[in-house]
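Below is a walk through a single protein chain, starting from one local feature of the backbone and moving outward to the whole fold.

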Amino acid sequence: GDNVELVKGYLRGQNLEQVGRIEEAIELYETGVAARFDSSGPYDRLIALYSHRALHADVVRIAEAALANVHTHESKRDWYETMRADAIKAQLRVPPAAHKRSRR
């Protein structure tokens with residue numbers, strides 16, 4: 001079914017990430033998130049990538065999606081909550097000028 005495609009997309013995203021094609025990997029992971037994939041993989045990678053780029057609003061968005069959609073890993077809920085809270089705090093700390101530069 002659908003899940004097989006989502007798993008394939010996630011694995012392909014990992015391969016793209018490994019060869020430095022980050023934008024393409026992000027697109028595949030985002031597809032998984034949009035499809036409410038019930039596995040933590042794409043959410044974890046997006047949180048890592050967006051955190052690295054200081055895209056705090058995206059971290060919050062993905063963490064919230066994970067909390068809504070990932071039910072197979074109860075133990076991860078605390079981590080998503082923490083990442084979400086940290087990103088919200090970081091958003092409040094960032095001076096507005098810094099945002100303009102990070103936009104694509």
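In this predicted model, Arg36 has a positive phi of about 60 degrees, and this residue lies just after helix H2. That position is a convenient place from which to look back along the helix.

H2 covers residues 22–34, which makes 13 residues. From its first C-alpha to its last, H2 reaches 18 Å, close to the 18 Å expected at 1.5 Å a residue.

Which residues of H2 are buried? They are Ala25, Ile26, Tyr29, Glu30, Gly32 and Val33. Seen down the axis of H2, these buried residues fall within an arc of 155 degrees, so they line one face of the helix. The spacing follows from helix geometry: an α-helix has 3.6 residues a turn, so residues three or four places apart point the same way. Glu27 and Ala34, on the other side of H2, are exposed.

What covers the buried residues of H2? The cover includes helix H1 (2–18), helix H3 (41–52) and helix H4 (56–69). One residue that shows this packing in detail is Leu46. Leaving aside residues up to four places away in sequence, Leu46 touches Ile26, Tyr29, Glu30 and Val33, and also Ser51 and Ile62. Of these partners, Ile26, Tyr29, Glu30 and Val33 are among the buried residues of H2.

Leu46 also belongs to the largest nonpolar core, which has 25 residues. Together with Tyr43, Ile47, Tyr50, Ile62 and Tyr80, Leu46 is one of the residues that touch the most other members of this core. The elements that give two or more residues to the core are H1, H2, H3, H4 and helix H5 (77–93). H4 gives the most, with seven residues.

The view can now be widened to the chain. The chain has six helices and zero strands, and reads α-α-α-α-α-α along the sequence. Its radius of gyration is 14 Å, close to the 13 Å that the globule rule gives for 104 residues, so the chain is as compact as a globular protein of that length. The C-alpha trace spans about 45 × 30 × 20 Å along its principal axes.

Contacts and surface complete the description. Among contacts between residues at least 6 apart in sequence, 56% join residues at least 24 apart. Of the 104 residues, 37% count as buried. The chain exposes about 6,500 Å², and carbon and sulfur atoms supply 53% of this area.

Methods:
Residues are numbered from 1 along each chain as its sequence is written. This is a predicted model: local features need pLDDT of at least 70, side-chain atom pairs count only at pLDDT 80 or more; totals for chains, interfaces and linings use all residues. Side-chain values use heavy atoms; hydrogens and water are left out. Helices (H or I, at least four residues) and strands (E, at least two) are DSSP runs, numbered from the N terminus. The expected span of a helix is 1.5 Å times one less than its number of residues. Buried means under 20% relative accessible area, exposed over 50%, partly exposed in between (1.4 Å probe, protein chains only). The arc is that of the directions from the helix axis to the C-beta atoms. Contact means heavy atoms within 4.5 Å. The radius of gyration is taken over C-alpha atoms; the globule rule is 2.2 Å times the number of residues to the power 0.38. Accessible areas come from the Shrake-Rupley method with a 1.4 Å probe; for residues, only the protein chains shown count as cover. A nonpolar core is a set of buried Ala, Val, Leu, Ile, Met, Phe, Trp, Tyr and Cys residues joined through side-chain atoms within 4.5 Å.
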